[in-house]
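This report goes through one structure, from the whole chain down to pairs of side chains. Please look at the sequence and the structure first.

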Amino acid sequence: MQKTFSLLQTVATAGVFSAVSFWYGFMFGRESARKELGDLIEDLRRGNSSSNPPPSHS
């Protein structure tokens with residue numbers, strides 16, 4: 001009984017760790033893609049309208 005419980009505990013812990021790892025990876029990838037796309041849009045705006053520069057975001 002004790003061995004079954006510890007095995008179940010191990011499997012549950014691994015599942016939680018996997019879910020948390022997936023979530024953080026997904027959020028980090030999404031933020032990275034958003035920043036990359038924002039930089040690309042800013043570059044295109046600068047190239048297309050040199051007389052009207054976009055406001056800088058810090």
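Is Asp-43 buried, partly exposed or exposed? Asp-43 has a relative accessible area of 44%, so Asp-43 counts as partly exposed. The sections below place this residue in the chain and describe its partner.

## The chain as a whole

The model is predicted. The secondary structure of the protein chain consists of one helix and zero strands. The helix, α1, covers residues 2–48.

The protein chain has 58 residues, and 2% of them count as buried. The accessible surface comes to about 5,600 Å². Carbon and sulfur atoms account for 65% of that surface.

## The annotated region

According to UniProt, in an unreviewed entry, residues 6–26 carry the feature "transmembrane region". In the model this span is 100% helix and 0% strand. The C-alpha atoms at the two ends of the span are 30 Å apart.

## Aromatic rings

A pair of aromatic rings is described by the distance between the centres and the angle between the planes. The count of aromatic pairs here is two. One of them joins Phe-22 and Phe-26: the centres are 6.4 Å apart, the planes differ by 15°, and the pair is stacked. Both residues lie in helix α1, four residues apart, or about one turn of the helix. Phe-22 is exposed, with a relative accessible area of 60%, whereas Phe-26 is partly exposed at 40%.

Phe-26 also pairs with Trp-23, with ring centres 6.1 Å apart. Why is the pair of Trp-23 and Phe-26 called tilted? The planes of these two rings stand at 35°, and planes count as stacked under 30 degrees and as edge-to-face over 60, so this pair falls into the remaining class. Trp-23 and Phe-26 are three residues apart in helix α1, again about one helical turn. Trp-23 is partly exposed, at 48% relative accessibility. Through these ring pairs, Phe-22, Trp-23 and Phe-26 are linked into a cluster.

## A nonpolar patch

Which residues make the nonpolar surface patch of about 700 Å²? The patch is made by Val-16, Val-20, Phe-22, Trp-23, Tyr-24 and Phe-26. The residues of the ring cluster, Phe-22, Trp-23 and Phe-26, are therefore among the members of this patch.

## Salt bridges

Side chains of opposite charge can pair when their charged atoms come close. The structure holds four salt bridges, and some of them are described here.

Arg-34 forms a salt bridge with Glu-31, and their closest N and O atoms are 2.7 Å apart. The two residues are three positions apart in helix α1, which is about one helical turn. Arg-34 is exposed at 52% relative accessibility, while Glu-31 is partly exposed at 42%. Another salt bridge joins the side chains of Asp-39 and Lys-35, at 3.3 Å from N to O. Asp-39 and Lys-35 are four residues apart in helix α1, about one turn of the helix. Asp-39 has a relative accessible area of 40% and is partly exposed.

Asp-43, the residue of the opening question, forms a salt bridge with Arg-46. The closest N and O atoms of Arg-46 and Asp-43 are 2.7 Å apart. Both lie in helix α1, three residues apart, about one turn of the helix. Arg-46 is partly exposed at 47% relative accessibility, and Asp-43 is partly exposed at 44%.

Notes:
Residues are numbered from 1 along each chain as its sequence is written. This is a predicted model: local features need pLDDT of at least 70, side-chain atom pairs count only at pLDDT 80 or more; totals for chains, interfaces and linings use all residues. Side-chain values use heavy atoms; hydrogens and water are left out. UniProt positions are given in the numbering used here, feature names are shortened, and annotations may be inferred rather than shown by experiment. Rings of Phe, Tyr and Trp (its six-membered ring) pair if their centres lie within 6.5 Å; planes under 30 degrees apart count as stacked, over 60 as edge-to-face and the rest as tilted. Buried means under 20% relative accessible area, exposed over 50%, partly exposed in between (1.4 Å probe, protein chains only). Accessible areas come from the Shrake-Rupley method with a 1.4 Å probe; for residues, only the protein chains shown count as cover. Patches are made of residues with over 30% relative accessible area and no salt bridge: like charges are joined within 9 Å, nonpolar side chains (Val, Leu, Ile, Met, Phe, Trp, Tyr) within 5 Å.
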